[in-house]
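Let's take a walk through this one together, with the DNA and the cysteines as our two stops.

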2 protein chains.
Amino acid sequence: MTEFKITQAQKELVEKLGVYYEKSGMQPAACRVMALLIVSDQTELTFEEIQQILNISKSATSGAINLLITANRVEYITRPGERKRYFRAKILNWKVDMIQNMSQMTSVSALLKEINKQRPKSSKEFNNTLAEMISFLEFVNAEIPALFKRWEAKK
Amino acid sequence: MTEFKITQAQKELVEKLGVYYEKSGMQPAACRVMALLIVSDQTELTFEEIQQILNISKSATSGAINLLITANRVEYITRPGERKRYFRAKILNWKVDMIQNMSQMTSVSALLKEINKQRPKSSKEFNNTLAEMISFLEFVNAEIPALFKRWEAKK
DNA sequence: TACTTAGTTCTGCAAATTCAGAACCATGTA
DNA sequence: TACATGGTTCTGAATTTGCAGAACTAAGTA
């Protein structure tokens, strides 16, 4: 039985980051696992370590890990001769994730467009505001690549 | 008893937009109310109209409306001589909302910064990736005003 | 004063979520 | 073959959520 632990300060960071992740609707245990993989000194943790550090059941651990893997937020590696898997946060892909996240705006603006099309002409101010929102969302969406470029340039 | 209704097409838009709002963790009924106030031909609806169109109970209607008011997403007006309130989506403030939403990134990046500070020097690649994320989040955050300006200019 | 209107608040149920515990399985090892 | 390891899956219990229904309140009206 490994007895790897994290410090009190780290525990608090796991909680804080965990709560942040919860806002996106993921279940608490999965959020803690995700947070732990970011906060922990080791970037790669085994099933057992995760379970013990967070003090949750095997089923909760299994469920959380698989959820995160499905959501493409966690991956695992194996080591030659070991059956254990080493789980780690998939943060190297953060740019792809962020682009995907930002691009969700596109789907909203498409929906808002559809809505605005069916709105009566009479509610002019409202429609105009909606049109402005759509215009801005589309603009931002189109600007994303440029945003990355300017960031790269500035570094 | 008023018998104001919405079309089938509108109902579907309310559902779609409602589901979109649900992603942010708000309760279903409140999301439907919000969506209705965007989709409906009338931009201002009474308590009774909302309740009847969405076919929900008074308590659900009351709860949803008050939640939305607290979240600053809905406001109401009154008309002289009438006791009823007319509720409407507070979309005219969309810029403020959007800036606030985007600025939430700042809070995450602050937290990530705190985390990165306590990480061991040994996990170099991980720390660097984290630092890059933070850098990008801060950059985007700083760029928000400029983004609005460029959008205005382009219009 | 009694009644209507416009909503609020309380009670409680039904459904969904989340997780622990135990049994189970698959692979490797002695 | 027996046992250990690294999980997965099933069951069910404890919360939590979301809302209906009914009672209630506050303000205006006849």
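What follows looks at the protein surface around one DNA strand and then at the cysteines. Keep in mind that this is a predicted model.

**Around DNA strand C**

Start with who sits by the DNA. There are 16 residues around DNA strand C, and those that come nearest are A:Ser57, A:Ser59, B:Lys58, B:Ser62 and B:Arg83. By type, the residues of this surface split into five nonpolar, six polar and five charged.

Which parts of the strand does the protein meet? Of the strand C atoms within 4 Å of the protein, 55% are sugar or phosphate atoms, and the rest belong to bases. Some polar side-chain atoms of chain B show this mix:

| Residue | Partner atom in DNA strand C | Distance |
|---|---|---|
| B:Lys58 | base nitrogen | 2.4 Å |
| B:Ser62 | phosphate oxygen | 2.6 Å |
| B:Arg85 | sugar or linking oxygen | 2.9 Å |

As for the elements behind this surface, those giving two or more residues are helix H2 (28–39) and helix H4 (58–70) of chain A, plus helix H4 (58–70) of chain B. H4(B) has the largest share, with four residues.

**The cysteines**

How many disulfides are there over all chains? Zero, going by a search of the whole structure. Take A:Cys31: the nearest cysteine sulfur is that of B:Cys31, 19 Å away. A disulfide needs the two sulfur atoms within 2.5 Å, so a pair beyond that doesn't count. Seen from the other side, B:Cys31 is in no disulfide either, with the sulfur of A:Cys31 as its nearest.

Are these cysteines buried or exposed? A:Cys31 is buried, because its relative accessibility is 0%. B:Cys31 also has a relative accessible area of 0%, so B:Cys31 is buried too.

Technical notes
Residues numbered from 1 in each chain as written. Chains lettered and ligands numbered in written order. Predicted model: local features only at pLDDT ≥ 70, side-chain atom pairs only at ≥ 80, totals over all residues. Heavy atoms only, no water. Buried < 20%, exposed > 50% of the residue type's maximum accessible area, 1.4 Å probe, protein only. Near = heavy atom within 4 Å. Polar contact = N/O pair within 3.5 Å; in protein donor to acceptor, adjacent residues only side chain to side chain. Nonpolar A, V, L, I, M, F, W, Y, C, P; charged D, E, K, R; others polar.
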